[in-house]
Amino acid sequence: MKLIVGLGNPGRQYENTRHNVGFKVIDQLSEDLSISLDRQKYNGIYGIGHISGEKVILLKPLTYMNLSGECIRPLMDFYDMNVEDLVVIYDDLDLPVGKIRLRAKGSAGGHNGIKSMIQHLGTQEFNRIRVGIDRPTNGMKISDYVLGQFTEADLQGINEAISYSAKACESWIQQPFVQVMNEYN
């Protein structure tokens, strides 16, 4: 069984913000894999499908970004999942818009959603796909920037990164994460 989690914030006001790029990847996977996000439990919305003989869960936590671990841990416990069967997709200020970086472990790097996950999972060693959103250059506060929408100039790059991240997740369903990292980094 594989669990693919996209981090973001629930609600229409956050729908197209930089912080919700993880949700956008889950939406893309839901469409590509024909897995409906039709279940709501554990403070999240999720769907379950079978891809190439593997059970796959797509999850969007509804806890708001900073409490993401509160949703993910109970779902993993219920399905008796190991942390090796998890990949998390989230925005990253330290990557240029449209770039992605896959890692099998690492610190939170200042990302509050990842801090919550590390706290609730009890480890930093979980698979992740970081999607670049860049940093503000005009002195804007980080919180305002991540909760803002992409500029027209950034849309093509971010849409390509969403698609590329979804393809990396699809590859991970059938291949070890290390192999997917080598292919997609």
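These are my notebook entries on a few sites and helix pairs that I looked up in a predicted model.

**Entry 1: R135**

I began with R135 and asked where it sits. R135 belongs to the loop between β7 (127-132) and α4 (142-146). Its relative accessible area is 40%, so I noted R135 as partly exposed. Next I asked which residues R135 touches, apart from those within four places in sequence. I found contacts with L93, D94, I142 and Y145. For D94 I also noted a polar contact: its side chain and that of R135 are joined at 3.0 Å. I then checked the backbone against L95, which is 40 residues away along the chain from R135. The C-alpha atoms of L95 and R135 are 8.2 Å apart.

**Entry 2: cysteines**

How many disulfides are there? I counted zero. C71 is in none, and the nearest cysteine sulfur to it, in C169, lies 16 Å away. Why is C169 not bonded to C71? A disulfide needs two cysteine sulfur atoms within 2.5 Å, and the sulfur of C169 is 16 Å from that of C71, its closest, which is too far for a bond. I also looked up whether each cysteine is buried or exposed. C71 has 0% relative accessibility and so counts as buried. C169 has 1%, so C169 is buried as well.

**Entry 3: α1 and α5**

C169 led me to helix α5, since C169 is one of the α5 residues in the contact with α1. Helix α1 covers residues 21-33 and helix α5 covers residues 152-174. Their axes are 9 Å apart and the packing angle is about 60°. Angles from 65 to 115 degrees would count as roughly perpendicular and those under 35 degrees as roughly parallel, so α1 and α5 are oblique to each other. I recorded their crossing as right-handed. On the α1 side, the contact is made by V21, K24, V25, Q28, L29, D32 and L33. On the α5 side, I listed I158, I162, S165, A166, C169, E170 and I173. An α-helix has 3.6 residues a turn, so residues three or four places apart point the same way.

**Entry 4: α3 and its neighbours**

Which residues of helix α3 (residues 112-121) are buried? I noted G113, I114, S116, M117, I118 and L121. These buried residues pack against α2, β5 and β7. I then took the pair α2 and α3 on its own. The axes of α2 and α3 are 8 Å apart, at an angle of about 35°. The crossing of α2 and α3 is right-handed. From α2, the contact uses G69, E70, I72, R73 and M76. From α3, the contact uses S116, M117, H120 and L121. After α3 comes G122, with a positive phi near 75°.

**Entry 5: positive phi outside glycine**

Most residues other than glycine have a negative phi. I therefore looked up Y64, a residue other than glycine whose phi is positive, near 75°. Y64 is in the loop between β4 (54-61) and α2 (69-78). With a relative accessible area of 42%, Y64 is partly exposed. D80 is another non-glycine residue with a positive phi, near 50°. I placed D80 in the loop between α2 and β5 (86-92). Is D80 buried or exposed? At 69% relative accessibility, D80 counts as exposed.

Terms used. Residues are numbered from 1 along each chain as its sequence is written. This is a predicted model: local features need pLDDT of at least 70, side-chain atom pairs count only at pLDDT 80 or more; totals for chains, interfaces and linings use all residues. Side-chain values use heavy atoms; hydrogens and water are left out. Helices (H or I, at least four residues) and strands (E, at least two) are DSSP runs, numbered from the N terminus. Buried means under 20% relative accessible area, exposed over 50%, partly exposed in between (1.4 Å probe, protein chains only). Contact means heavy atoms within 4.5 Å. A polar contact is a pair of N or O atoms within 3.5 Å; within protein, one must be able to donate a hydrogen and the other to accept it, and residues adjacent in sequence count only if both atoms are side-chain atoms. Axes are lines fitted to C-alpha atoms, for helices over the stretch in contact, and angles run from 0 to 180 degrees between N-to-C directions. Angles under 35 degrees count as roughly parallel, over 145 as roughly antiparallel, 65 to 115 as roughly perpendicular and the rest as oblique. A crossing is left-handed if the near helix is turned anticlockwise from the far one by less than a right angle, and right-handed if clockwise.
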